[in-house]
Every structure is written in C-alpha cells, then in structure tokens.
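Q: Please take a close look at one local neighbourhood in this model, and go through it contact by contact. After that, I would like to hear about the empty spaces elsewhere.

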Amino acid sequence: MKTNTLPFVEGLAARQGAAALLGAVVDNRLALDGLLESDTAPAAWRALDNIRDRALALAIVKSALRFRGTISYLIFAMLEHPLPDNAKNVRHILHVAVAQIMLLRVPESAAVNLAVEASSRDPQAKRYANLVNALLRRLIREGDAAFEAAKAKSVEAPDWLFAMLTDDYGEHSAREILAANRSEAPLDFTVKADTSFWAAKLGGIAINGNTVRVAHGQIPVPELEGFGDGAWWVQDAAAALPVKLLGDVKGQHILDMCAAPGGKTAQLAYAGANVAALDVSKNRLKRVEENMERLQLSATIIVGDARKHVPETLYDGVLIDAPCTSTGTLRRHPDVAWTKTPDDVVQLTRIQFELLDAAIRVTKRGGLIVYANCSLLKAEGEFLVKRWLAGRSDVVVERVTESRDGILAAHADHDGFLRTTALSFTHENPLLSGMD
C-alpha cells in the first residue's frame, strides 16, 4: 500500500513555520505579535509543538523582517530575471534561508538543504527548487561581501515610508534612522527609586533620571530581581518622557487617555497624581490593573472610547498617548514597516485629531494637555498638532525649554516640540544605544 506521508526531516517544520509567519505578515499585513497569540495564525506555525522550534522560527522571522530591504535587494541582484508576483511562497522561503545564513549563522548546508526541501514540498514553490539551491549556494560563495554591499544600497522600509521619512528628516538622517533599526532594542525599566542601585543590580546603565537600560537578554522579565516587589516596570526611555512634560502632578486629577498597557499610568500614580486610566480595550486594561497591583499603585480604570468620554469633573491635565502607525518602535517590532500603509496614516491622523478635540472638552481652563505617540512620522506629530492649533483660539503651545523641562529640552526642535528617534541616545555599546 502506498502512503502520501512525506518523510520527517529534522528542522524543516521550524523553517516552514517561519516562512508561513513571514508570509502572513508581509502578504496579509498582520501584526506579528497578534499572530503569535491568534487561532488564525498559519497552520505551519500552529503545528510547531515545542518551544525550541517556535523560538527558532520566531528568531528567523524577526531577523528576516529587520533586514527585509537588504535581503530583497540581495535576492534581486542575484537573479537573472525577477521572480513573478505570484511567486510569494518561494520568496518567503528565500528570505528565511538568507536570514539564517547571513544573520543567524545557521550551518550553511543545513539552511540550503532545508530551503530546497521546503520549496519541493510547496505546490506553489516546487518549480523553483533548483533556483533556490543555485541562489543560496552563490550567496555562500560570495558571502559577507555580497550582503554588506546590499546593505549599503538598501533601506529596511517600503518606498512610501522611506519617502515620508526623507521628507521629514532629510535623506541622510532617514537612512541613519532606518539603519539603527537593524539592531534589536535594549530593554528599559522605569524604577521607582535608587536608579544607580538597580542599574548595578540588573547589569545596566542609568539614563534620563530614573530609567535603567540593559542589553536585551534571554532572562524572562518576571524572573528578574525586583519584578515581584514592584520596584520597576518595563518602559522604553522615550515612552517615559511625555509624563515628565506634565510637570509636578502631585494631587492633580489627570486623565491618561489610551492608557494601556499602563507604563504612563504607573508614572503618574507614583508621582502622586489622581489618575484616571481610560482605554477602549477591556482586555488591555486588565493588564494595566495587573501592573498597578504588582507595583502597589492605584488608578481609576475606565473602559470606553476617549472621544466620547464625559467625566464628572474636568481634569487638571490630560495625557494623550494616541494610536498611531508605531513606526517609532521598529527595533522592537520590525513587522511594523511592512504591515502599515499610507492609508493607515490618513485614518490614524483623523483619530488623533478627534482625540485632541476630546481632550479640550475634558480639561479645565488653564490645564495642560500633552499629546504624544510612537510614530516617526511628523504627519502624526508636529504637523498634525500645528494643523489642529490653526483651527483653535482657545489653546496656546507650552514649548519644551531647558529652563522648564531640563534634560528633555535636548530632544526639542526649534519649535519646542519634543522628538526622539533611534539616533537620540548613543552609547559606546551599540546594544545600549537608541530610543523609541
């Protein structure tokens, strides 16, 4: 009796899972983190039933996304004729293999053989199995020189995003920002007190007052000293800055608009504010509640759309951490560059505009509003705020200055807007450099 069961090949399932995940991200524009936790994740990923295979597949995908521009350029340069648009699966298989060979340093023969095997087993890719073999063996022959040449001529972003960044920062800075995003981000903690103590205890450095930064490690955060005691919480150094712009909030009634996952809520509560944490997602607010309980801090939790929020009393200050394209978090989420589109910018700026209008309605006369998000695009930041201000006569800008805001002013532009990028903090150890 014949069987259709294909023989087991060690390591193949992890590569197939990686290629399937990569395809779901770039073809369907689905966020990687959401896919990992969803029943709609590709079958090849869900079929991985051990932690080791999943960890390998995820490492491959993140590397392939982080260097997607370089890998695409390299493959294109090595082909006599471009792959047709419908050859998506073989393209994903190639990206997975190149990431293994050039970035993860997987044994070359294993990477090639598994890529050829994956192609042979895929109905849409099997006609390209010989091409996969030839291209990858050529890559091995040409080695790092070919990869570095491709890296020098490419950017890790789609054309539309690179064009917008170039308009905002100039081509040279846009390229530098995107190049910095090739490195994995460090891990930052906001500590309640004794920054120097916790920097030494966690093996990191102290920056921006009460942030401790460590190179991204393999130890799960909940296992680190101080987690259970609520001595600190995970928060990028840049994400900790907006709350500081509110000044002394002790005793003030502050709305944290779009509060989840709660890092800024914790900052406000620890600073002595009476905080209302508002978010449209009940599930995300559960995480805020859990964090506040661990940190032994308190806040009023409100589930709802910030644009429709009607408080019993007006707030002394409002922090708007607006939903955005998240392009300022590419080091942590390299999929963002490949899942967003110009249409997303248009839709999100409309929401951001509405949130600013909502903030005015719930803030006392003389109160302070801080508008912030994690986008690199000025269309979602400075330009949007200026456009909004042009239509109002009841608001004035409180500019970021050295006399008022101290070290924060180092990140201010000539108009007094605070702006950070992956180039905003440098350290002799590149693994400790950069900000969201």
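**Around cysteine 324**

A: Happy to! Leaving aside residues up to four places away in sequence, cysteine 324 touches Lys340, Leu348, Gln352, Asn373, Cys374, Ser375 and Glu380. Keep in mind that this is a predicted model. Cysteine 324 sits in the loop between S8 and H15, and it is buried, its relative accessible area being 10%. Aspartate 344 is 20 residues from cysteine 324 in sequence, while their C-alpha atoms are 8.4 Å apart in space.

With Cys374 among those contacts, a disulfide is the natural thing to check. Searching the whole structure turns up zero disulfides. Cysteine 324 is in none, and the nearest cysteine sulfur, that of cysteine 374, is 3.5 Å away. A disulfide needs the two sulfur atoms within 2.5 Å, so this pair does not count as one.

Cysteine 258 belongs in the same discussion. Its closest cysteine sulfur is the one in cysteine 324, but the two sulfurs are not bonded because 10 Å is too far for a bond. Cysteine 258 is also buried, with a relative accessible area of 16%, and it counts as buried because that value is under the 20% limit.

A neighbour that ties this region together is aspartate 321, which is found in strand S8 (residues 315–321). Again not counting residues up to four places away in sequence, aspartate 321 touches Met257, Cys258, Lys264, Ala372 and Asn373. Asn373 is therefore on two contact lists, that of aspartate 321 and that of cysteine 324. The aspartate 321 side chain also makes a polar contact, at 3.0 Å, with the side chain of lysine 264.

Now for the empty spaces. There are three cavities of 30 Å³ or more. The largest cavity holds about 60 Å³ of space, and its lining consists of Leu65, Arg66, Glu156, Leu178, Asn181, Leu330, Pro334, Ala337 and Trp338. Helix H4 (51–66) and helix H15 (336–339) are the elements that give two or more residues to that lining. H15 is also one end of the loop that carries cysteine 324. By type, the lining of the largest cavity has six nonpolar, one polar and two charged residues.

The second largest cavity has a volume of about 40 Å³. Lining it are Arg15, Ala19, Ile93, Val96, Gln100, Ala111, Leu114, Ala115 and Ala118. Two or more of these residues come from each of helix H1 (12–28), helix H6 (88–104) and helix H7 (108–121). H7 gives the most, with four residues. Seven residues of this lining are nonpolar, one is polar and one is charged.

H1, H6 and H7 come up again in the second largest pocket, which has a volume of about 230 Å³. Of the 13 residues lining this pocket, Gln16, Ala19, Ala20, Asn89 and Asp122 are the closest to its centre. H1, H6 and H7 are the elements that give two or more residues to the pocket lining, and H1 provides the largest share, six residues. The pocket lining divides into five nonpolar, four polar and four charged residues. Ala19 is listed both in the lining of the second largest cavity and among the residues closest to the centre of the second largest pocket.

Technical notes:
Residues are numbered from 1 along each chain as its sequence is written. This is a predicted model: local features need pLDDT of at least 70, side-chain atom pairs count only at pLDDT 80 or more; totals for chains, interfaces and linings use all residues. Side-chain values use heavy atoms; hydrogens and water are left out. Buried means under 20% relative accessible area, exposed over 50%, partly exposed in between (1.4 Å probe, protein chains only). On a 1 Å grid over the protein atoms alone, a cavity is a set of points where a 1.4 Å probe fits but cannot get out, and a pocket is an open set with protein on both sides within 12 Å along at least five of seven lines; lining residues have an atom within 4 Å of a point. Grid points are joined across faces, edges and corners, and a volume is the space filled by probe spheres set on the points. Ala, Val, Leu, Ile, Met, Phe, Trp, Tyr, Cys and Pro count as nonpolar, Asp, Glu, Lys and Arg as charged, and the others, Gly among them, as polar. A polar contact is a pair of N or O atoms within 3.5 Å; within protein, one must be able to donate a hydrogen and the other to accept it, and residues adjacent in sequence count only if both atoms are side-chain atoms. Contact means heavy atoms within 4.5 Å.
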